Every structure is written in C-alpha cells, then in structure tokens.
Amino acid sequence: MKKTIYTFITSLIFTFNTSAQTPVVVAENTLKVAGLGEEVFYHGFSEGDQLIFNFEEVNGKDFKEIEIIEWPSTSKFMDYKTKKIENKTIVIPKTSVYKFRFYNSSISGRICRIKIQRIPASEATAKFNTTVNWKHVFDTSYHMSKEIYLVKSDTLITQVLDQVAKVHSSGNLNGNRTSFNFSFPKNTVAWSYYIGVNQAGQDAFESASKSLNAQSGAMIAKIPGYGPLAALALGSVSFLSALQTGEDVDYYLVTGSENSNLFEANQAFYYKKKGKVINDFARMEKPTNENYYFCFFNDNLAQGITVTVKVVAIVVNNEWGTRQVQKMNVTDSMVPYLSN
C-alpha cells in the first residue's frame with residue numbers, strides 16, 4: 001500500500017514539473033522589415049516566466065538592431081549586427097508587457113524568422129493570456145503661468161478736423177485746387193468724415209445734429225464729442241443724408257505729401273476714395289500712420305465755393321496688466337495592459 005501511494009505521488013510531481021517546464025509558443029512568424037525601417041510588437045509575460053527568444057535572418061545577412069524592453073523603457077536584451085539568436089532566455093521578474101523592437105539600417109528589406117516562447121513558472125500560469133490590450137490614459141497637471149489681461153478700456157471721441165476751405169473757380173488766376181492734411185491720434189480704431197459744399201452743406205450737417213440730439217437718450221447726449229460723425233464711426237444712426245441739389249465739388253482722399261503734390265500739379269496720383277458731391281460722408285476703418293489729405297477741385301468756371309470738412313476719430317486706450325493664473329494641461333497617451 002505504501003509503495004502504491006509513493007508511486008502515485010512521484011508520478012504526480014513528475015507530471016507537474018513536465019507541465020511547468022513545457023515551453024508555450026507565444027509568437028512564431030516570418031517578419032519582413034523594410035529598408036531603414038522598424039517593426040515593433042508587444043506580448044505580456046507572467047512573473048516567474050522564462051522568456052525564450054529565437055531569431056534568424058533568412059538570407060544570413062546582418063540585422064542592425066534587436067531589443068527586448070520591459071514596458072515602458074527597461075531594456076532587458078539588445079544585440080547588434082546579428083544574423084541569428086538561439087534560445088536567448090530572460091527570467092521575468094514581475095508580470096509585465098514586453099516590447100520587441102527590430103530595426104533595419106540597410107536600404108534593402110530584411111526577412112526574419114522569429115519564435116517567442118515562455119516556460120510558465122507553475123501550472124497556475126500555464127494558460128496566462130499574453131495578448132496586449134491598449135487604452136487611453138489622460139494625465140492632468142497644473143502649472144502657474146503669467147497672463148496679460150485688460151485692466152480697463154477708455155473710448156474717446158476726438159475731433160480731428162473741423163475746417164471750411166475756399167476753392168476758387170476754374171477761371172480764377174489763383175487756381176481751382178486746394179488741399180490740406182490731417183493725422184490721427186494713437187490707438188484710433190475707426191473714423192468718419194463729412195464734406196459739405198457752401199451753406200447748404202453746413203445746414204445739412206446741423207440738421208443731422210439736431211435730429212440726433214432729439215432722438216438720443218440723456219446718457220448718450222452727455223458723452224463728450226458725440227454727434228453725427230461719432231455715431232457714424234461707431235456704426236450707429238447718424239441722421240446724415242445726401243443732398244440732391246446745389247453746387248458740387250470733386251474731392252479725393254489721399255495719403256502722403258507726394259500724392260497731394262501731384263494733385264496740386266494736375267498729374268496722376270493715387271487716392272483711397274473720391275467723389276463729385278454736394279455733400280458726402282463715410283465711416284472708415286483703422287487708419288495707417290501716414291498723413292492723410294483731402295484734395296478739392298472746383299470745375300465751375302465762374303463760381304468759387306466753400307467746403308466744410310469734418311473728421312472724427314474713435315480712440316480706444318487700453319490699460320493692460322499681468323497676473324499669475326493656474327492653467328491645466330491634459331495629455332493623452334496610449335498605455336498597454338493585460339487582461340489576466
């Protein structure tokens with residue numbers, strides 16, 4: 001009886017050891033690595049496993065670089081310029097994902113036979129799942145950063161030009177052309193102008209001013225410099241309207257003294273805007289830093305005219321400050337995991 005029990009136990013131990021020591025194939029394939037290319041794949045191993053790695057370049061050529069890495073960056077084995085690796089064994093200290101990297105420095109492709117096996121440490125890990133899965137992992141961190149912010153903003157209405165100019169008739173010995181320049185204050189964001197010929201042009205502007213005052217609320221009426229041109233520059237209702245009858249004038253809006261001089265000399269010049277009008281008005285965008293000119297020409301043979309010119313600028317002065325603010329940084333990475 002004792003002999004029978006002894007034989008049974010011995011047989012059981014033998015069977016267990018044989019099972020534990022039997023290599024399990026993890027991967028066995030033929031891999032083509034392109035010229036100057038790299039191939040990477042991943043497998044999982046259980047604590048106590050023996051990883052057995054075999055490699056052979058099919059045509060007996062040197063392969064530049066082979067590396068086995070414990071995730072994420074612990075190199076366990078590396079070989080250079082090798083044709084063949086036989087039964088390289090690595091004992092797995094802890095359950096982890098292993099990265100197998102193959103780099104080909106040649107300009108031509110390389111064909112390799114690869115076999116990866118594991119010898120389980122025990123029967124309990126014999127059926128360990130070596131498949132590697134991937135998941136998104138979001139990592140959030142915080143840091144202090146200097147931020148520029150707007151402390152306050154002041155909007156000003158500035159009268160840039162308010163002038164009445166005499167433009168002689170074309171028969172006048174003094175000539176029938178006149179021009180004058182103006183410039184804008186710093187931080188001008190928009191502007192508008194009004195041109196009106198003779199008394200009719202002045203009256204049209206005064207009429208718009210009265211209508212605006214009558215229709216505006218008490219708060220708006222108290223804003224310094226607010227009138228038809230300020231309303232126009234701010235994109236609001238200005239009550240300005242075009243006259244249909246009366247003496248007219250040819251006008252040009254130009255930049256730079258060169259164009260103004262060419263106008264005075266009756267030579268070709270560049271202009272931004274022109275018109276033949278009894279009165280005219282327009283909203284303009286942010287100006288350049290150049291000097292601007294209004295140039296006027298009267299084609300009436302005998303009758304001189306007066307031209308009222310008004311220009312209003314909208315100036316925005318911003319005060320900026322700096323402060324420390326906490327900012328969040330989120331990084332997204334792919335991380336391998338085992339489903340055992």
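## Helix α5 and its surroundings

In this predicted model, the elements that cover the buried residues of helix α5 include the strands β10 (177-182), β12 (249-255) and β15 (292-297). The helix itself spans residues 257-264, and its buried residues are N259, S260 and F263. Viewed down the axis of α5, these buried residues fall within an arc of 100°, so they line one face of the helix. The general geometry of such an element fits this reading: an α-helix has 3.6 residues a turn, so residues three or four places apart point the same way.

Beyond the helix, the backbone deserves a brief remark. α5 is followed by N266, a residue whose phi is positive, with a value near 60°.

## The buried asparagine of strand β14

N279 belongs to strand β14, which covers residues 279-284. N279 counts as buried because its relative accessibility is 5%, where the cut-off for that class is under 20%. The side chain of N279 reaches two backbone atoms: the oxygen of S241 at 3.0 Å and the nitrogen of L243 at 2.8 Å.

The wider surroundings of N279 can be described in the same terms. When residues up to four places away in sequence are not counted, N279 touches Y194, I195, G196, A204, S241, A242 and L243; S241 and L243, whose backbone atoms its side chain reaches, are thus among the residues in contact with N279.

## Contacts of strand β6

A second asparagine, N87, is found in strand β6, which runs over residues 84-91. Its C-alpha atom is separated by 5.3 Å from that of N54, although the two residues are 33 residues apart along the chain. Leaving aside neighbours within four places in sequence, N87 is in contact with I52, F53 and N54.

## Salt bridges

The structure holds 15 salt bridges. In one of them the side chains of R101 and E65 meet, with an N to O distance of 2.2 Å. This pair links distant parts of the chain, with R101 in strand β7 (residues 96-103) and E65 in strand β4 (residues 63-70), 36 residues apart. R101 counts as buried because its relative accessibility is 11%, and E65 counts as buried at 14%.

R101 also forms a salt bridge with E67, the closest N and O atoms being 2.8 Å apart. This pair, too, links distant parts of the chain, E67 lying in strand β4 and R101 in strand β7, 34 residues apart, and both E67 and R101 are buried. A further salt bridge joins K76 and E70, whose closest N and O atoms are 3.4 Å apart; here K76 is partly exposed, with a relative accessible area of 33%, whereas E70 is buried, with a relative accessible area of 6%. Salt bridges that share partners join E38, E65, E67 and R101 into one network.

## A nonpolar patch on the surface

F138, Y142, M328 and V330 form a nonpolar patch on the surface, and together they have about 460 Å² of accessible area. Two strands, β9 (132-167) and β16 (305-338), each supply at least two residues of the nonpolar patch. F138 is found in strand β9, and F138 is classed as exposed because its relative accessible area is 56%, the cut-off for that class being over 50%.

Note on methods:
Residues are numbered from 1 along each chain as its sequence is written. This is a predicted model: local features need pLDDT of at least 70, side-chain atom pairs count only at pLDDT 80 or more; totals for chains, interfaces and linings use all residues. Side-chain values use heavy atoms; hydrogens and water are left out. Patches are made of residues with over 30% relative accessible area and no salt bridge: like charges are joined within 9 Å, nonpolar side chains (Val, Leu, Ile, Met, Phe, Trp, Tyr) within 5 Å. Accessible areas come from the Shrake-Rupley method with a 1.4 Å probe; for residues, only the protein chains shown count as cover. A salt bridge is a side-chain nitrogen of Lys or Arg within 4 Å of a carboxyl oxygen of Asp or Glu. Helices (H or I, at least four residues) and strands (E, at least two) are DSSP runs, numbered from the N terminus. Buried means under 20% relative accessible area, exposed over 50%, partly exposed in between (1.4 Å probe, protein chains only). A polar contact is a pair of N or O atoms within 3.5 Å; within protein, one must be able to donate a hydrogen and the other to accept it, and residues adjacent in sequence count only if both atoms are side-chain atoms. Contact means heavy atoms within 4.5 Å. The arc is that of the directions from the helix axis to the C-beta atoms.
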